[in-house]
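Let's take a walk through this model together. Have the sequence and the 3D view open side by side, and follow along from one site to the next.

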Amino acid sequence: MSGEFAGKVVLVTGGGGGIGRGTALAFAKAGAKVAIAEIAEAGGNKTMEMIGRAGGNAMFIKTDVTDAKAVEAMVAKTVQTWGHLDIAFNNAGIEEEHMRLADCPESTFDRVIGINVKGVWLCMKYELAQMLKQGGGSIVNTASIAGLNGAAKMAAYSASKHAVIGLTKSAAIEYARKNIRVNAVCPAVIRTEMYERALAADPGIGPRVLNMHPVGRIGEVEEVAAAVLWLSSAGASFVTGFPLAVDGGTTAL
Ligand SMILES: NC(=O)c1ccc[n+]([C@@H]2O[C@H](COP(=O)([O-])OP(=O)(O)OC[C@H]3O[C@@H](n4cnc5c(N)ncnc54)[C@H](O)[C@@H]3O)[C@@H](O)[C@H]2O)c1
C-alpha cells in the first residue's frame, strides 16, 4: 500500500479493540505493515481481518503484555516476518472499578499496575533493544489525562498512567542520541469498549463526562489515532519525551 507510512513496520498492543484497533487501522491505511499484539484472540483476529479487507497488511500475535517471554516473542515474530520494527504503540491497558483508595482491594491494585505499568515497561524493554540494533525507531505509549492529574475513585489507574509518563520521559532521555523518540498520548474519555463498560456500571457518567470536556463531547478513537500517527511521523522529528493530551481541552480547565 502507498501512503505516509509505506514500508514501515508498526506494532500495536491492545490492538483487538478500541483505541488500539482504530490506530492499527489508521497505520495500515497509511501504508504500514501492522502487527497486532493482543490478549483477546477474537478481537485481535477481527482487527487483522478488517485491515485485510481494507487492502492492508497485518498479522495477529496473541500476547499478554505482562508475560516477558510472550513480549520478547512478539518483537521477535514481528522482526522475523518483516525484517525490522520502526514504530511501536504500547496501548494495552485496563481500567479499574471506580472506588475510593481505602476500598480498593490489593489484587485490583496489583492487576492495574501489572498490565498498565509493567506491561508498557516490558514492551519498551524488548522494542528498544531491537530499535538500538537497527539504528532507530519511534515509540508512543498510551497514558491518559489521569496520568497528568489525579482521578477520584481511580487512584491505582491514575498512578499507573503517571508511571507510564515517567517511563516515557526517562526512556526519551536515555535514547535521544540513538535516533529513538519516545512519546505518550493522554486521552480524555474516548468512545471505546472501556467507556461502554463504565457507562453500563454507572449510567450517570454519560452527562457528567460531557460536561467534563470543554468541547462538550467525548473523543473518538480516530482522533487518538491521528495524534499517534503524527507523533510517529517524520513531522514530529524534534518531539520526544512529550505526553500529548488528546482531550478536547479537559486539562486546560
Ligand atoms: N477509552 C478511554 O476513555 C481512555 C481514556 C484514556 C486512556 N485510555 C487508555 O487507552 C488504552 C486503550 O483503551 P481502550 O479504551 O481502547 O480500551 P479497550 O478495553 O477498548 O481496549 C483495550 C485492549 O487491550 C487489550 N488488553 C488488555 N489486557 C491486555 C494484556 N495483558 N495484554 C494484551 N492486551 C491486553 C484488551 O483485550 C483490549 O482489546 C488503555 O491503555 C487505556 O487505559 C482509554
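Setting aside neighbours within four places in sequence, Thr168 is in contact with Asn141, Val182, Asn183, Ala184 and Gly241. Keep in mind as you look that this is a predicted model. Thr168 itself lies in helix α5. Its relative accessibility is 1%, and because anything under 20% is classed as buried, Thr168 counts as buried. What does the side chain of Thr168 do with its polar atom? That atom lies 2.7 Å from the backbone oxygen of Val164.

Helix α5 is also a good route to the ligand. The elements that give two or more residues to the shell around the ligand are α1 (18-29), α5 (155-175) and α6 (193-201). Which of the elements gives the most to this shell? Helix α6 does, with 3 residues. There are 27 residues around the ligand, and those that come nearest are Ile19, Glu38, Tyr157, Ile190 and Thr192. By type, the shell divides into 12 nonpolar, 10 polar and 5 charged residues.

Now zoom in on the polar atoms. A polar side-chain atom of Tyr157 lies 2.6 Å from an oxygen atom of the ligand. Two backbones are worth finding as well: a backbone N or O atom of Val65 lies 3.1 Å from a nitrogen atom of the ligand, and a backbone N or O atom of Ile39 lies 3.4 Å from a nitrogen atom of the ligand. How much of the ligand's accessible area does the protein cover? On its own the ligand has 830 Å² of accessible area, and the protein covers 91% of that.

Next, turn to Gly15, whose place is in the loop between β1 (9-13) and α1. Is Gly15 buried or exposed? With a relative accessible area of 0%, Gly15 is buried. Beyond its neighbours within four places in sequence, Gly15 is in contact with Gly20, Arg21, Ile36, Ala37, Glu38 and Thr47. Glu38 may ring a bell here, as one of the residues that come nearest to the ligand. Gly15 can also be paired with Gly44: the two are 29 residues apart in sequence, while their C-alpha atoms are 6.2 Å apart in space.

Two loops that adjoin α5 deserve a look at their backbone angles. Most residues other than glycine have a negative phi. Lys153, although not a glycine, has a positive phi of about 65°. You will find Lys153 in the loop between β5 (137-142) and α5. With a relative accessible area of 44%, Lys153 is partly exposed. Asn179 is likewise not a glycine, and its phi is positive, about 65°. Asn179 sits in the loop between α5 and β6 (180-187). Its relative accessibility is 55%, and because exposed means over 50%, Asn179 counts as exposed.

Let's finish with the cysteines. How many disulfides does the model have? The count comes to 0. Take Cys123, which is in no disulfide: the nearest cysteine sulfur is that of Cys186, 18 Å away. A disulfide would need the two sulfur atoms within 2.5 Å, so this pair does not qualify. Cys123 is also buried, with a relative accessible area of 1%.

Notes:
Residues are numbered from 1 along each chain as its sequence is written. This is a predicted model: local features need pLDDT of at least 70, side-chain atom pairs count only at pLDDT 80 or more; totals for chains, interfaces and linings use all residues. Side-chain values use heavy atoms; hydrogens and water are left out. A residue is near a molecule or strand if one of its heavy atoms lies within 4 Å of it. A polar contact is a pair of N or O atoms within 3.5 Å; within protein, one must be able to donate a hydrogen and the other to accept it, and residues adjacent in sequence count only if both atoms are side-chain atoms. Accessible areas come from the Shrake-Rupley method with a 1.4 Å probe; for residues, only the protein chains shown count as cover. Helices (H or I, at least four residues) and strands (E, at least two) are DSSP runs, numbered from the N terminus. Ala, Val, Leu, Ile, Met, Phe, Trp, Tyr, Cys and Pro count as nonpolar, Asp, Glu, Lys and Arg as charged, and the others, Gly among them, as polar. Buried means under 20% relative accessible area, exposed over 50%, partly exposed in between (1.4 Å probe, protein chains only). Contact means heavy atoms within 4.5 Å.
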